[in-house]
Amino acid sequence: MSSDSAFVRATDAVKAQLRTRLQPVWAVLCTVLAPLDRAIQPVADLYNRSLGRHFGTMTGLQFGVIALGFGMIATVPFWSPFYSETLNITFAVASIWAIFAMSWDIQSGYTGYISFGHSVLSGAAGYTIGLLILHYDPSMGPLVTIPLAVLASLVLGLVIAVPSLRLRGPYFSLITLVGVLLFTNLIFAFSEWTNGELGIHQVDPFTYEPWIRYYYMAIPMLVIAVGLTYVARSNVGMVLLTIRENERAVSSAGLDPTKFKISSFVLSSIPMGIGGALLVYYGRAINPVSFVEISNSIEIIALAVIGGMGSIIGPLFGSFLFFFLEEELLRDFIEDSSTRTLVLWLFVLGVLVFARNGVFRVVWHALGAVRGDSE
Amino acid sequence: MLSGLPTVLVNAALISALYALIAIGFTMIFGVGGVLNLAHGALLMAGAYAYLLLARDTISVPVFESMTLHPLIAFPIAVVTVAVLSYLLYVVIVQFVEDNPIVTFLATIVVALAATEVVIHYAGASTQTYTLIPSDLLPSTVGFGPVDGILTVDVVGFVVSWIAIGLLWLYVTKTDSGRAIRATSMTERGARLTGVNVHAVRARTWLVAGALAGIGGVFLGASSSATPGMWLQPLSLAFIIVVIGGIGSIKGSIVAAYLIGFLQTGVGEYLGQNFRGILSLVLLIAVLFMLPQGLFGREYHE
């Protein structure tokens with residue numbers, strides 16, 4: 001189709017060149033990593049036999065990397081001071097956004113009905129807490145407000161999903177985008193309740209102790225990751241994937257795709273609500289800029305895209321990578337925050353254009369192929 | 001600040017022409033490539049800031065020192081700049097992803113967000129204003145009879161918008177290269193069979209749509225102000241107008257632009273500025289559910 005264009009042809013040629021040049025490097029990597037892969041294989045097999053059918057089977061190296069990744073996430077407060085003082089905070093924020101990205105993924109990444117409106121769901125949860133504390137009872141604790149917030153997010157998810165999932169492709173994305181604009185407009189229109197631009201600042205945090213705060217964010221994130229991976233690898237996840245690939249096939253099998261699409265949206269709005277609530281208690285404030293505005297929805301999508309849509313674990317690592325780049329690695333080189341954000345957006349753009357399946361997925365398949373026995 | 005009904009009506013009619021211009025560029029790109037260009041608002045913003053860079057000495061970027069050109073010189077340069085930017089956007093990014101509407105969606109909105117950061121970096125996050133019509137040439141406001149306090153820049157914007165729309169109409173109906181654009185938007189296979197180079201047509205459409213966005217952006221910035229977030233409001237307007245008018249239809253865009261222009265101005269005037277966007281968005285939702293092909297359009301096919 002686009003083979004008519006000289007620019008596309010030139011880029012393809014460069015890509016092919018790069019592939020041949022990198023071949024020797026890959027060969028060296030394989031010879032180094034293959035023994036390691038073989039060494040971990042017995043442990044991985046133990047996992048494959050017990051939990052593999054629920055969460056997917058892995059090769060030795062894949063298992064090793066996942067175990068290392070989760071191990072590092074679980075012990076951030078212990079090793080982060082050796083890297084930097086702020087890493088604790090960065091990864092706490094990354095955990096919250098990982099919840100958003102994974103929630104988005106189970107709905108949009110799996111069904112292919114791309115939602116541009118997920119920030120509305122976390123916003124609904126956040127504003128529920130804010131409004132309750134500001135106007136109803138300032139002494140309400142998180143044990144009361146969080147369930148209500150999740151409920152609000154769930155109800156709003158249904159309100160959005162039921163009518164909008166009748167639409168397809170770009171029309172669905174459009175209507176969810178409109179949902180964000182509408183929600184933002186309403187917050188400003190009812191400024192006497194929501195404090196408009198300034199937002200609500202009367203929320204007390206869970207705790208001021210940074211390392212405990214990290215676990216307040218990371219533990220729910222890990223639970224959600226396990227739960228969503230389980231769903232994604234189950235029959236339900238299979239149906240959702242089939243909706244993305246061939247919706248008619250789902251109908252032919254006697255299943256109602258609309259029901260599954262709505263369930264996936266609801267399934268996604270529950271963790272969105274949890275994430276929104278955590279973000280309120282983390283940042284102690286709720287305002288349109290950091291919750292609802294369209295850039296938040298796009299950031300959620302960006303995290304999922306970097307990691308790899310339709311894999312749950314991909315968006316998790318995508319989120320940690322993104323925030324590590326933004327708050328830690330790039331901060332050493334680029335002082336100006338707008339330039340840093342620009343660099344990150346260009347990175348996302350590059351992933352979209354040249355590796356639309358995501359960074360994590362590329363690494364994952366490479367790890368699985370060091371012994372050359374799979375694709 | 002309530003003004004008389006005649007003034008409101010005239011203001012609505014003037015701003016609607018600008019809306020039409022913005023929406024036409026958006027709908028043309030959809031017509032030939034099936035691409036919803038979410039960076040269209042960013043192109044408008046590029047127009048406003050390119051003009052600022054050329055005509056005011058408040059901002060400067062490397063290579064281009066800040067300069068103060070006469071508006072009549074700065075305006076066409078700004079428009080051409082945006083047209084070229086739009087063309088580059090297609091060649092460098094969009095043509096790689098246009099086979100997948102969702103990836104295109106994402107890529108173009110990421111471009112818009114990146115553009116915001118570029119503007120913040122070079123021009124700051126603050127609101128910038130500029131005058132497009134030199135005050136020694138024309139008074140800044142005009143009025144006649146019951147109509148008063150109309151901004152001259154809005155009148156000029158109205159005239160220029162209609163000239164641009166007229167020229168565009170001549171282009172797509174009277175010239176071969178314009179007719180190729182129309183043919184491609186009707187049926188791509190048909191256009192290919194009659195020897196149209198579809199790829200070249202797409203690139204040309206982005207150039208033309210970019211020029212329209214450039215004109216729209218300069219006037220939009222002059223009529224209100226230029227800010228790093230100014231792309232979102234017109235983008236959502238373009239959406240609303242294009243969906244209501246029918247995606248891909250130029251005629252529909254003009255009709256819908258007037259509908260929305262009057263609705264927004266009326267709501268903004270009588271219910272308050274905060275409600276300005278809400279009613280149009282609700283109308284858009286209603287149209288999407290009840291009349292997804294819009295007033296004059298064809299439904300989008302995957």
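## Exercises on helix packing in a two-chain model

The buried residues of α3(A) are covered by elements that include α1 (6-50), α4 (76-83), α10 (210-233) and α18 (359-368) of chain A. This is a predicted model: local features need pLDDT of at least 70, side-chain atom pairs count only at pLDDT 80 or more, and totals for chains, interfaces and linings use all residues. Residues are numbered from 1 along each chain as its sequence is written, while chains are lettered from A and ligands numbered from 1 in the order in which they are written. Helices (H or I, at least four residues) and strands (E, at least two) are DSSP runs, numbered from the N terminus.

**Exercise 1.** Find the buried residues of α3(A), then check the span of the helix.

*Solution.* Step one: apply the burial cut-offs. A residue is buried if 20 or more other C-beta atoms lie within 10 Å of its own, exposed if 12 or fewer, and partly exposed in between; C-beta atoms are placed from the backbone. The buried residues are G60(A), L61(A), Q62(A), F63(A), G64(A) and I73(A). Step two: take the expected span as 1.5 Å times one less than the number of residues. For the 15 residues of α3(A) (residues 60-74) that gives 21 Å, and the end C-alpha atoms are 21 Å apart, so the two agree.

**Exercise 2.** Describe how α5(A) packs on α13(A).

*Solution.* Fit the axes first. They are lines through C-alpha atoms, for helices over the stretch in contact, with angles from 0 to 180 degrees between N-to-C directions. α5 (residues 87-111) and α13 (residues 257-283) of chain A pack at about 170 degrees, axes 9 Å apart. The pair is therefore roughly antiparallel (under 35 degrees is roughly parallel, over 145 roughly antiparallel, 65 to 115 roughly perpendicular, the rest oblique). Now sort the contact residues: 16 are nonpolar, 6 polar and 1 charged. Here Ala, Val, Leu, Ile, Met, Phe, Trp, Tyr, Cys and Pro count as nonpolar, Asp, Glu, Lys and Arg as charged, and the others, Gly among them, as polar.

**Exercise 3.** Give the angle and handedness of the crossing of α6(A) and α7(A).

*Solution.* The axes of α6 (residues 118-136) and α7 (residues 142-164) of chain A come within 8 Å and cross at roughly 140 degrees. The two helices are therefore oblique to each other. Their crossing is right-handed (near helix turned clockwise from the far one by less than a right angle; left-handed if anticlockwise).

**Exercise 4.** Work out how α15(A) meets α4(B) across the chains.

*Solution.* The axes of α15(A) (residues 294-307) and α4(B) (residues 101-123) come within 11 Å and cross at roughly 125 degrees. That makes α15(A) oblique to α4(B). The crossing is left-handed. S295(A), I298(A), I301(A), A302(A) and V305(A) meet L106(B), I109(B), V110(B) and L113(B). By class, 8 are nonpolar, 1 is polar and none is charged.

**Exercise 5.** Size up the interface from the side of chain B.

*Solution.* Count contacts: C-beta atoms, placed from the backbone, within 7 Å. By this test 39 residues of chain B touch 41 of chain A. α4(B) gives the largest share of the chain B side, 15 residues. That side has 29 nonpolar, 7 polar and 3 charged residues.

**Exercise 6.** Place Y87(B) in its surroundings.

*Solution.* Y87(B) lies in α3 of chain B. With 19 other C-beta atoms within 10 Å, Y87(B) is partly exposed. Leaving aside neighbours within four places in sequence, Y87(B) contacts A203(B), W206(B), L207(B) and G210(B).

Note on methods:
Contact = placed C-beta atoms within 7 Å.
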